[in-house]
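Student: Could you please take one part of this structure and examine it closely? I should like a connected account of what surrounds it.

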Amino acid sequence: MAPKKDRGLDPKSIAINLATIFLFLLPFLAYFDRDNSMNYVKGVGGAFLVALLVPPIGWMRPHPYTDTPGNTPIGYKAS
């Protein structure tokens, strides 16, 4: 069982998960509400921008066994 610190509950993982959920819902929202479809596209783009800017800044999801320095989850302490 993995330690509690690397279960994907850091802010970066949560932001990526929420942005991905919005991306999944986008075609359904755009189909049923065509008047506001561009607003939904902008919302999804904004969600991915927030996910990109949440520390550690970049496109990679943090994980404890990374080779990239600074890409560990917030609060993770190697034992």
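Tutor: Ala47 touches Ala19 and Phe22, if residues up to four places away in sequence are not counted; contact here means heavy atoms within 4.5 Å. This is a predicted model, in which local features need pLDDT of at least 70 and side-chain atom pairs count only at pLDDT 80 or more, while totals for chains, interfaces and linings use all residues. Residues are numbered from 1 along each chain as its sequence is written, and side-chain values use heavy atoms, with hydrogens and water left out.

Ala47 belongs to helix α2; helices are DSSP runs of H or I with at least four residues, strands are runs of E with at least two, and both are numbered from the N terminus. Ala47 counts as buried because its relative accessible area is 15%; the term buried means under 20%, exposed means over 50%, and partly exposed lies in between, with a 1.4 Å probe and protein chains only. The C-alpha atoms of Ala47 and Ile21 are 9.9 Å apart, although 26 residues separate the two in sequence.

Ala19, one of the residues that Ala47 touches, is buried in α1, as are Lys12, Ser13, Ala15, Ile16 and Leu26. The cover over the buried residues of α1 includes α2, which runs over residues 37-53. Leu26 gives a second view of this cover: Leu26 lies in α1 and is in contact with Tyr40, Val41 and Val44, residues up to four places away being left aside. Leu26 and Val41 are 15 residues apart in sequence, yet their C-alpha atoms are 7.1 Å apart. Leu26 is classed as buried because its relative accessibility is 17%.

Consider next the helix α1 itself. Its 22 residues should span 32 Å at 1.5 Å a residue, and its end C-alpha atoms are 31 Å apart, which agrees; the expected span is 1.5 Å times one less than the number of residues. Shortly before the proline Pro27, α1 has a kink of about 40° at Leu25, where the bend is the angle between axes fitted to the seven residues ending there and the seven starting there.

Another part of α1 faces outward. Ile14, in α1 (residues 11-32), is partly exposed because its relative accessible area is 38%. Ile14 is one of the residues of a nonpolar surface patch that also includes Phe22 and Leu25, with about 1200 Å² of accessible area together. Patch residues have over 30% relative accessible area and no salt bridge; like charges are joined within 9 Å, and nonpolar side chains (Val, Leu, Ile, Met, Phe, Trp, Tyr) within 5 Å. A salt bridge is a side-chain nitrogen of Lys or Arg within 4 Å of a carboxyl oxygen of Asp or Glu. Phe22 thus has two roles in this account, since Phe22 is in the patch and is also touched by Ala47.

For the wider setting, the protein has 2 helices and 0 strands. Buried residues make up 24% of its 79 residues.

Definitions and conventions
Accessible areas come from the Shrake-Rupley method with a 1.4 Å probe; for residues, only the protein chains shown count as cover.
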